Amino acid sequence: MLQFIQLAYIVALMIGILPFSMQLLICVKNLSVNNMMAKSKYTLIFFSIIVIFNLCDFLTIFLESKTGAQTVAWIYIAENILEVVLAYSLIAMQCDYVGEKKNKGVIPLFLTVSCAMVLIDIFFITDYVFFSEKVYILSMIGLNLIPLIVTGYYAAKYMKKVYKGNPDKMVITYLFLYNIIFFFLCIIATVSIVDSRTSFDYIQNDKGIYLVFWLMFNTMNLVLMLSSCSLVDKGIMTDEEALERLAEDYRLSAREKEIAMLLYEGKNNNEIAEELFLSISTVKVHASNLYRKLGVTSRVQLILKFRAIYTCR
């Protein structure tokens with residue numbers, strides 16, 4: 001049974017490496033894809049963390065069977081940190097897709113949680129500071145709940161905007177599934193680490209359940225990238241072509257086209273004014289006219305409308 005799980009983890013790892021490699025190639029070579037999530041650097045970070053997480057899981061199973069549980073103690077500590085990093089990358093990926101500014105408070109919060117996890121883990125396994133098993137379990141559950149709650153909050157916030165923007169339906173489905181699978185994956189990961197550290201055994205065959213989630217996660221990623229790289233649709237556009245279509249459909253002026261592209265690139269009014277040698281008040285007037293013509297009320301809605309052009313048939 002153990003050999004089967006080890007082999008299955010190798011398969012899961014190989015499946016995970018494929019979408020990561022494809023996404024890396026797309027980013028480096030700036031290849032055409034039929035949805036913008038597949039071209040985001042945050043998607044690449046998300047995929048890379050999944051591959052690292054898979055590798056850590058394989059090492060825990062392989063090394064534990066050869067040398068004992070104590071050898072993999074530090075790998076479990078790394079996995080705790082990876083959970084938090086995966087949570088942040090999922091938030092950043094969704095934030096980037098809807099074109100919203102990132103909340104600067106999330107990074108310090110997640111760094112604090114990661115440091116607390118590492119300290120509690122080290123103190124517990126080295127007996128440097130005494131923790132009873134129950135105190136350790138409650139501490140780890142509490143700390144792991146923080147990134148889950150924060151991720152859930154931002155997922156609800158961004159998914160609402162994704163639905164309102166009516167972008168690619170495939171992206172909607174994947175973002176929804178990513179959030180659901182991430183939620184269950186973190187629960188299983190936390191329980192698995194607690195079981196390995198203590199005398200409790202809350203979930204039997206947790207490694208097998210964990211493996212199923214990884215296989216689902218990695219297979220989803222592979223299908224996403226294969227679908228995104230399918231160029232049978234001749235309507236796939238570059239940024240410039242999409243902007244031209246938008247300008248033609250909504251009769252944008254030359255200046256409004258320039259501002260639309262700069263807004264899409266994430267620049268604020270001050271940066272736009274500086275780049276176009278305009279006053280901030282002039283930029284605001286052009287942006288207001290642009291929003292009115294496109295029938296949007298915010299930068300986020302403008303970006304979603306822009307990205308929807310990519311998938312127009």
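Helix 3 of this predicted model has 26 residues, which at 1.5 Å a residue should span 38 Å; the C-alpha atoms at its ends lie 39 Å apart, so the two values agree. The expected span of a helix is 1.5 Å times one less than its number of residues. Helices (H or I, at least four residues) and strands (E, at least two) are DSSP runs numbered from the N terminus. Helix 3 is mostly covered, with 20 of its 26 residues buried. Buried here means under 20% relative accessible area, exposed means over 50%, and partly exposed lies in between (1.4 Å probe, protein chains only). Just after helix 3, G99 adopts a positive phi of about 75 degrees.

Residues are numbered from 1 along each chain as its sequence is written. In this predicted model, local features need pLDDT of at least 70 and side-chain atom pairs count only at pLDDT 80 or more, whereas totals for chains, interfaces and linings use all residues; side-chain values use heavy atoms, with hydrogens and water left out.

**Overall architecture**

The protein has 12 helices and zero strands. Its C-alpha trace spans about 70 × 40 × 30 Å along the principal axes. Of the 313 residues in the protein, 47% are buried. Contact means heavy atoms within 4.5 Å. Among contacts between residues at least 6 apart in sequence, 73% join residues at least 24 apart.

**Nonpolar cores**

A nonpolar core is a set of buried Ala, Val, Leu, Ile, Met, Phe, Trp, Tyr and Cys residues joined through side-chain atoms within 4.5 Å. In soluble globular proteins, nonpolar side chains tend to be buried together. The largest core in the model has 70 residues, and M37, F46 and Y178 have the most contacts inside it. At least two residues of this core come from each of helix 1 (2-29), helix 2 (41-67), helix 3, helix 4 (106-126), helix 5, helix 6 (169-197), helix 7 (206-228) and helix 12 (299-308). Not counting residues up to four places away in sequence, M37 touches Q23, T43, M93, Y97, V171, Y174, L175, Y178 and L224. A second, separate core has 23 residues, among them M261, L263, V283 and L290.

M261 and L263 are also among the buried residues of helix 9 (residues 254-264), together with E256, I259, A260, L262 and Y264. Just after helix 9, G266 takes a positive phi of about 90 degrees.

**Two buried helix residues**

F53 has its place in helix 2 and counts as buried because its relative accessibility is 2%. Leaving aside neighbours within four places in sequence, F53 is in contact with E79, L82, E83, L86, Y210 and W214. The C-alpha atoms of F53 and K101, 48 residues apart along the chain, are separated by 27 Å.

Q6, in helix 1, is likewise buried, with a relative accessible area of 14%. With neighbours within four places in sequence again set aside, the contacts of Q6 are F58, I61, F62 and S65.

**Cavities**

A search of the whole structure finds two cavities of 30 Å³ or more. A cavity is a set of points, on a 1 Å grid over the protein atoms alone, where a 1.4 Å probe fits but cannot get out; lining residues have an atom within 4 Å of a point. Grid points are joined across faces, edges and corners, and a volume is the space filled by probe spheres set on the points.

The largest cavity holds about 50 Å³ of space. Its lining consists of Y88, I91, A92, C95, K102, N103, V106, Y154 and Y158. Helix 3 (73-98) and helix 5 (133-165) are the elements that give two or more residues to this lining, and helix 3 gives the most, with four. The lining residues divide into seven nonpolar, one polar and one charged. In this division, Ala, Val, Leu, Ile, Met, Phe, Trp, Tyr, Cys and Pro count as nonpolar, Asp, Glu, Lys and Arg as charged, and the others, Gly among them, as polar.

**Positive phi outside glycine**

Two loop residues other than glycine have positive phi values, as tabulated here.

| Residue | Loop | Phi | Relative accessible area |
|---|---|---|---|
| R251 | between helix 8 (239-250) and helix 9 | about 55 degrees | 71%, exposed |
| F277 | between helix 10 (269-276) and helix 11 (280-294) | near 60 degrees | 75%, exposed |

Methods
1 Å grid on protein atoms, 1.4 Å probe; cavity = no way out; pocket = protein on both sides within 12 Å on 5 of 7 lines; lining within 4 Å.
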